[in-house]
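Biologist: Please walk me through this one. I would like to hear how each label is earned.

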Amino acid sequence: MRQLNPCKNLMDLEGVAEIFSGMLYSTIADGKQFTSARQVAAFVGVTPKQHSSGGKTNMTGIIKNGGVKELRCALYQGALSFIQGYLMSAQN
């Protein structure tokens, strides 16, 4: 995965390692099949559930059964890594 430019660009972000960049690239590829980032988020399964009725929109928690579970778990672990690094640097 180190040879692919999209994976290299993803690994430049803090909290993103080879495994996650490879998972994301193999799942979504170049992303041209999606028209917006919202569609990518819905595909992965990180958008909140939406219940609409009578013009009122209620957004609740993330759907746990939909999307790509492994990718969602790796994204969560990367976010935890980023937050932990941020908190550690803020203490110093």
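Modeller: Happily. Two residues are said to be in contact when heavy atoms of theirs lie within 4.5 Å. By that rule, and leaving aside neighbours within four places in sequence, F34 is in contact with I28, Q39, V40 and F43. Keep in mind that this is a predicted model.

Biologist: What makes F34 buried rather than exposed?

Modeller: The cut-off for buried is under 20% relative accessible area. F34 has 17%, so F34 counts as buried. Its partner F43 is at 37%, between the 20% and 50% limits, and therefore counts as partly exposed.

Biologist: Why is the pair of F34 and F43 called tilted?

Modeller: Ring centres have to lie within 6.5 Å to pair, and these two are 5.5 Å apart, so they qualify. Their planes make 55°, which is neither under 30 degrees, as for stacked, nor over 60, as for edge-to-face, so the pair is tilted. A search of the whole structure gives one aromatic pair, and F34 with F43 is that pair.

Biologist: Which residues make up the largest nonpolar core?

Modeller: There are nine: V16, F20, L24, I28, F34, V44, V68, L71 and A74. Helices α2 (18-28) and α4 (69-91) are the elements giving two or more residues to this core. The biggest contribution, three residues, comes from α2.

Biologist: What makes this set a core?

Modeller: Its members have to be buried residues of the nonpolar kinds, joined through side-chain atoms within 4.5 Å. F34 shows the burial part: at 17% it is under the 20% limit, so it meets that condition.

Biologist: How do you know that S21 is buried?

Modeller: S21 has a relative accessible area of 0%, and the limit is under 20%, so S21 is buried. S21 lies in helix α2 and, beyond four places in sequence, is in contact with C7, L10, M11 and V16. The buried residues of α2 are F20, S21, G22, L24 and I28. These pack against α1 (5-11), α3 (37-44) and α4.

Biologist: Which residues make the contact between α2 and α4?

Modeller: The axes of α2 and α4 are 10 Å apart, at an angle of about 145°, and the crossing is left-handed. From α2 come F20, M23, L24 and T27, and from α4 come E70, L71, A74 and L75. This makes six nonpolar residues, one polar and one charged. Thr is not among the residues listed as nonpolar or charged, so T27 is the polar one, while Glu is on the charged list, so E70 is the charged one.

Biologist: What makes A29 stand out just after α2?

Modeller: Most residues other than glycine have a negative phi. A29 is not a glycine, yet its phi is positive, about 60°. A29 sits in the loop between α2 and α3. At 42% relative accessibility it falls between 20% and 50%, so A29 counts as partly exposed.

Biologist: Why is H51 called partly exposed?

Modeller: Exposed begins over 50%, and H51 has 48%, so H51 counts as partly exposed. H51 is in strand β1 (residues 48-53). Leaving aside neighbours within four places, H51 is in contact with K56, T57, N58 and T60.

Biologist: What is the separation of the C-alpha atoms of G85 and E14?

Modeller: It is 9.0 Å, although G85 and E14 are 71 residues apart along the chain. G85 belongs to helix α4. Its relative accessibility is 28%, which is not under 20% and not over 50%, so G85 is partly exposed.

Methods:
Residues are numbered from 1 along each chain as its sequence is written. This is a predicted model: local features need pLDDT of at least 70, side-chain atom pairs count only at pLDDT 80 or more; totals for chains, interfaces and linings use all residues. Side-chain values use heavy atoms; hydrogens and water are left out. Buried means under 20% relative accessible area, exposed over 50%, partly exposed in between (1.4 Å probe, protein chains only). Helices (H or I, at least four residues) and strands (E, at least two) are DSSP runs, numbered from the N terminus. Axes are lines fitted to C-alpha atoms, for helices over the stretch in contact, and angles run from 0 to 180 degrees between N-to-C directions. A crossing is left-handed if the near helix is turned anticlockwise from the far one by less than a right angle, and right-handed if clockwise. Rings of Phe, Tyr and Trp (its six-membered ring) pair if their centres lie within 6.5 Å; planes under 30 degrees apart count as stacked, over 60 as edge-to-face and the rest as tilted.
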